[in-house]
Amino acid sequence: MRAAAIDRFGNANVLSIHEVPVPKITAREVLIEVDTAGVGIWDVTTRQGKWGEREEFPFILGSDGSGRVTAVGNQVTRTKKGDRVYSYSYDNPKGGFYAEYVAVAASKVAPLPAGLDLLHAGAIPTIGLTALQGVDDALKIKPGEKVIVHGASGNVGMLALQFAKLRGARVLGVASGSDGVDFVRRLGASEAIDGKRDDIVAAAREFAPNGIDAVLAFVGGKELTRCLDALRKGGRAAYPNGIEPEPRKRKGIRIKSYDAATGVREFERLGRAIEESRLDIPIASAFKLEDAADAHRLLEKGHVLGKVVLRAR
């Protein structure tokens, strides 16, 4: 099969097409013929060698994607051959989703939610699970709460603001640039501001005179500090591990970091939320598998509104 892989860590030029064997599955795995693979900034960081050393190459990148099941292990009961599925499997020992086929534990695979095609399904597993678990598990957002989503124009933020709305919250989206503000408003934020140019605390006070109930952050730095300044006493904040710099602890405020979990229940909950919210999943650009290096270069330029994906077919 063809796969976009690296033989060493480095810049985008190390990412190229390789001919590698189709991975073999065990009794509890499925083989997916990949249609769409998500491309994230974490893939760039992995390619650069900043997230740990690796002894075995070639290394196929990609933590999530979508496709059709072509084989199932003899102990797999929830999935059958021919199913259209999406999946998240970080650091998969048998290779990632930048390939024509991927072998994945059946517990990390789920059927496509109603109304979702393979293109958009392949874009969402990592960012969808991270966004929803931030809203539901880390913050437990309630109806009527006033919430800041910081980094709302980013990949996870653009979904988190929609899930927060689904839970009945009013959302102030802190975005990047005037185009980012427009993007966040189109996705349904109650209000949106440019975190680099606007006064976050003043905007938050106007939005929530009694203080912000919760902050869900996908970007660190001084702008996040300003978001935390807007929290009411007893308010709460959450962010995925990997956000830098991490916010400092504050008296009277609960600040929690988290990692997105994957499993049967997590995917079931994500599927329901996608269907109930009629989720908008903007695609910034779709590249061919052989153009994976260009996809990475686009992400490294920064300020990409929407998800970047690879099409394996």
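Here is a short walk through the inside of this predicted model, from its nonpolar cores to its enclosed space.

Let's begin with packing. In soluble globular proteins, nonpolar side chains tend to gather in buried groups. Here, the largest nonpolar core holds 50 residues. If you would like landmarks inside this core, pick Y86, I124 and F163, which touch the most other members. The biggest contribution to this core comes from helix α4, residues 155-166, which supplies seven residues. There is also a second core, separate from the largest one and made up of 38 residues; among its members are I6, V76, L289 and A292.

F163 is a good place to pause and look around. Set aside its neighbours within four places in sequence, and F163 is in contact with G128, A131, L132 and V135. Under that same condition, its contacts also include L270, A273, I274, S277 and L279.

Now for the empty space. Rolling a probe the size of a water molecule over the atoms shows where such space is left. A search of the whole structure turns up one cavity of 30 Å³ or more, and the largest cavity encloses about 30 Å³. To find it on your screen, select A217, L224, L228, A237, A238, Y239, P247 and I255, the residues that line it. Strand β13 (231-240) and helix α7 (222-229) each provide at least two residues of this lining, with β13 giving the largest share, three residues. What is the chemical character of the lining residues? Eight are nonpolar, with no polar and no charged residues among them.

Technical notes: Residues numbered from 1 in each chain as written. Predicted model: local features only at pLDDT ≥ 70, side-chain atom pairs only at ≥ 80, totals over all residues. Heavy atoms only, no water. Core = buried A, V, L, I, M, F, W, Y, C linked by side-chain atoms within 4.5 Å. Buried < 20%, exposed > 50% of the residue type's maximum accessible area, 1.4 Å probe, protein only. Helix = DSSP H or I, 4+ residues; strand = E, 2+ residues; numbered from the N terminus. Contact = heavy atoms within 4.5 Å. 1 Å grid on protein atoms, 1.4 Å probe; cavity = no way out; pocket = protein on both sides within 12 Å on 5 of 7 lines; lining within 4 Å. Points joined across faces, edges and corners; volume = space filled by probe spheres on them. Nonpolar A, V, L, I, M, F, W, Y, C, P; charged D, E, K, R; others polar.
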